[in-house]
Amino acid sequence: MVEWLKNAVFYEIYPQSFADTNADGIGDIQGIIEHLDYIRELGCNAIWLNPCFASPFLDAGYDVSDYKKVAPRYGTNADLRRLFEEVHKRGMHVMLDLVPGHTALEHPWFQESQKPQHNEYSGRYVWTDDAWKDFSGISGTMGFLRGISQRDGCVAVNFYSHQPSLNYGFYEIDDPSWQQPMDAPDPMATREAVKDIMRFWLKMGCDGFRVDMAGSLVKNDPQQEGTIALWHDFMQFLEKEFPDAAMISEWGQPDRSLRSGFHMDFMLHFGPSHYTDLFHADHPYFSREGKGNAKAFIDYYKKCYEPTNRKGMICVPSGNHDMARLTNWLDKEEVKIVFAFLLSLPGAPFIYYGDEIGMRYLKDIVSVEGGYHRTGARSPMQWDSGLNAGFSDASAQELYIPLDPDENRPTAEKEMADPDSIYHEVKKLIALRQSVPVLQSEAEIEFLYCEEHAYPLAYRRTNGDSSVLVVVNPSGNEASFSYNGKLGSVLYQNGAGYQLDNGKLTVPAASAVFVWEEK
């Protein structure tokens, strides 16, 4: 395990929406630098920066046209190097977003790949050998393009139609006339090109990568065994050259991603995790309504956790740039209980910018740069009561995404001034986590109570030296479960006190409590 991950608490920054210092309506690297002390004061000691590379921005930067150049709208490579330095001065770390599965159509590799004459990039992308052959039934592809150049063939795309798939080979080969094995020269050249990109940024001062669509790379790989083997190779490279580099995958299946060598994987809103049951459902578990169900999520969490032998970490984020914000379903007090849960789990917690101040999800706004329904979770950070909530000195019409129009919108300034705010609850919980090793990433978790459509949720964190009982009851009614242990002092409490009587532990409505267990 990378040492600095053991007590990491991440803050996710969507760079175009965080802070604008040159009045063009788009956030920039200098804006991030100027707010590093805010992030550090909150308690976060690590940053995940969404893509900041050159791009036509048809998918908000997840369509890269130059992996080794910062997008001019954010600044320069020198600015990013300075961000790394300023982060490190504060004892923090920063991870960049790596997009290894596809590029923009404008990428020079793809421009060469389209040519009918064979060249070194002809096999850099996944092409058929005939314009009438497509990718029907081939796992790992989400469509294709044909007729876009004089090259005879179709090219696979990974997500949007402007994101051609890079070639890492096929795990199962159905048509050897154009499907290449994983160890063929072209897929191996793609691997080396991506290693070179990683090497470039790690040498500049980056501390690791969050990997976009990490499970999608090898095609015709239904169980992802080829992709797991591919990532083993990448991890061996990193272990040899950059042993302190951290790697987290956007895979959403920790039982696969952690086996591939990633240090961390997210439980996400897609895939089998049931993450949405907790916060993003018609009846979320963390609502006082008390009609939610956490059982499927916890069952999948345990399935993924138990085989790791504590060698990998499962991360449950507060949200991210691809999902609606917590406040779309939950109110201020419910969000506080969410953070008590998130910040008492193993693995590195991830806080999406603005969630710590209760920023709202903006419904029904026009899509920006391929965001569609996600655009409402990408609105500018709300810093203060000044012009454009302190985000930018541009006119409102020039802002990358419109601001929350509500005059009572939350801001960092107001939340920091209110001792009863979400901000202060998050800050308190992070400080507690950082001061109590048994609440940090590597300590074990054992779930004590989680039943179908039932409250509370109870689990134990242990590290060999000490043990803490965590009980969260988001529902509007008191809840009980059988508990035969011996409890000591209370570490944290949101709500009235618990009662333990004749082996039955009862917690009040809308509460969370952490209590030392005595041996």
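Q: Which residues of strand E8 point one way, which point the other way, and what makes them count as buried or exposed?
A: In this predicted model, Gly208 and Arg210 point one way from strand E8 (residues 208-211), while Phe209 and Val211 point the other way. Buried means under 20% relative accessible area, and all of these residues are buried. In a regular strand the side chains alternate between the two faces of the sheet.

Q: How do you know which strands E8 pairs with, and in what sense?
A: Two strands pair if there are at least two bridges between them. Strand E5 (residues 93-98) and E8 have 3 bridges, in the parallel sense. E8 and strand E9 (residues 246-249) have 4 bridges, also in the parallel sense. Both counts reach the cut-off of at least two, so both count as pairs.

Q: What stands opposite valine 211 in E9, and which residue is the bridge partner of valine 211 towards E5?
A: Serine 249 stands opposite valine 211 in E9. Leucine 98 has valine 211 as its bridge partner in E8.

Q: What makes up the β-α-β unit that contains E8, and what is its hand?
A: The unit consists of E8, helix H6 (residues 225-241) and E9, and it is right-handed. The term applies because, with the strands pointing away from the viewer, the path from the first strand over the helix to the second runs clockwise.

Q: Why is helix H3 called oblique to helix H5?
A: H3 (residues 77-89) and H5 (residues 185-204) pack at an angle of about 60 degrees, with their axes 9 Å apart. Angles under 35 degrees count as roughly parallel, and 65 to 115 as roughly perpendicular. The angle of about 60 degrees is in neither range, nor over 145, so H3 is oblique to H5.

Q: Which residues make the contact of H3 with H5, and of what class are they?
A: Asn77, Leu80, Arg81 and Phe84 in H3 meet Phe200, Trp201 and Met204 in H5. By class, this contact has 5 nonpolar, 1 polar and 1 charged residues.

Q: Why do strands E13 and E17 stand at the edges of their sheet?
A: The open sheet of 5 strands has the order E13-E14-E15-E20-E17, with antiparallel pairing. E13 (444-449) and E17 (486-494) each have a single partner strand, so one side of each is left without a neighbour in the sheet.

Q: How do you know that strands E14 and E15 pair?
A: E14 (residues 457-462) and E15 (residues 467-473) have 6 bridges in the antiparallel sense. The cut-off is at least two bridges, so they count as a pair. Valine 468 in E15 is the bridge partner of arginine 461.

Note on methods: Residues numbered from 1 in each chain as written. Predicted model: local features only at pLDDT ≥ 70, side-chain atom pairs only at ≥ 80, totals over all residues. Heavy atoms only, no water. Axes fitted to C-alpha atoms, helices over the stretch in contact; angles between N-to-C directions. Contact = heavy atoms within 4.5 Å. Nonpolar A, V, L, I, M, F, W, Y, C, P; charged D, E, K, R; others polar. Buried < 20%, exposed > 50% of the residue type's maximum accessible area, 1.4 Å probe, protein only.
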